[in-house]
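Here's a quick tour of the fold, strand by strand. Have the viewer open as you read.

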Amino acid sequence: MPKITVPGQWYFVVDCLACEKPIPLAEAPSPDEKPDPLQYRTISNLRCPHCGYVWTYAPRQMSRRLVEYMPGDRFQAPILYVFAGIAALSFLAAAFFVARTYR
Ligand SMILES: [Zn+2]
């Protein structure tokens with residue numbers, strides 16, 4: 001994944017409708033520099049950098065957020081390991097069962 005955001009920087013962000021990950025649109029001024037309400041405009045045919053889903057996002061779907069860490073798979077990765085572990089255990093159990101049954 002390309003490095004497109006910088007921790008400590010404010011960004012205009014929408015959440016992808018498909019994968020619900022935040023999509024940074026552009027660097028935004030901080031609330032100190034420019035208090036709400038901010039002017040947003042509709043963005044047509046925005047492609048999600050995470051899953052490739054294309055959608056037109058309305059201003060009310062956008063928000064200004066502070067990036068405190070690199071967006072990515074901080075939560076997703078451990079869950080994937082759990083699923084991979086379950087799949088591996090299922091495979092071993094199935095292999096064990098087959099080996100016992102057809103001995
Ligand atoms: Zn997406």
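Over the whole chain, contacts between residues 24 or more positions apart make up 52% of those with a separation of 6 or more. Bear in mind that this is a predicted model. As for burial, 9% of the 103 residues count as buried.

The chain holds five strands and one helix. Reading from the N terminus, the order is β-β-β-β-β-α, with the helix coming after the strands.

Now for the sheet. Three strands form an open sheet in the order S2-S1-S5, and the pairing is antiparallel. S2 (22-27) and S5 (62-66) sit at the edges with a single partner strand each, so one side of each has no neighbour in the sheet. On average, neighbouring strands here are turned by 40 degrees against each other, ignoring direction.

Zooming in on S1 (residues 10-15), its antiparallel pairing with S2 runs over five bridges. One spot to click on is Asp15, whose bridge partner in S2 is Pro22.

Then there's the hairpin of S3 and S4. S3 covers residues 43-47 and S4 covers residues 54-57; they run antiparallel and are joined by three bridges. Ile43 stands opposite Tyr57 in S4. Six residues lie between the two strands, and Gly52 has a positive phi near 85 degrees.

Here are the two pairings side by side:

| Strand pair | Sense | Bridges |
|---|---|---|
| S1 and S2 | antiparallel | five bridges |
| S3 and S4 | antiparallel | three bridges |

One general point for picking side chains along a strand: in a regular strand they alternate between the two faces of the sheet.

Note on methods. Residues are numbered from 1 along each chain as its sequence is written. This is a predicted model: local features need pLDDT of at least 70, side-chain atom pairs count only at pLDDT 80 or more; totals for chains, interfaces and linings use all residues. Helices (H or I, at least four residues) and strands (E, at least two) are DSSP runs, numbered from the N terminus. A residue is buried if 20 or more other C-beta atoms lie within 10 Å of its own, exposed if 12 or fewer, and partly exposed in between; C-beta atoms are placed from the backbone. Two residues are in contact if their C-beta atoms, placed from the backbone, lie within 7 Å. Two strands pair if DSSP finds at least two bridges between them. Axes are lines fitted to C-alpha atoms, for helices over the stretch in contact, and angles run from 0 to 180 degrees between N-to-C directions.
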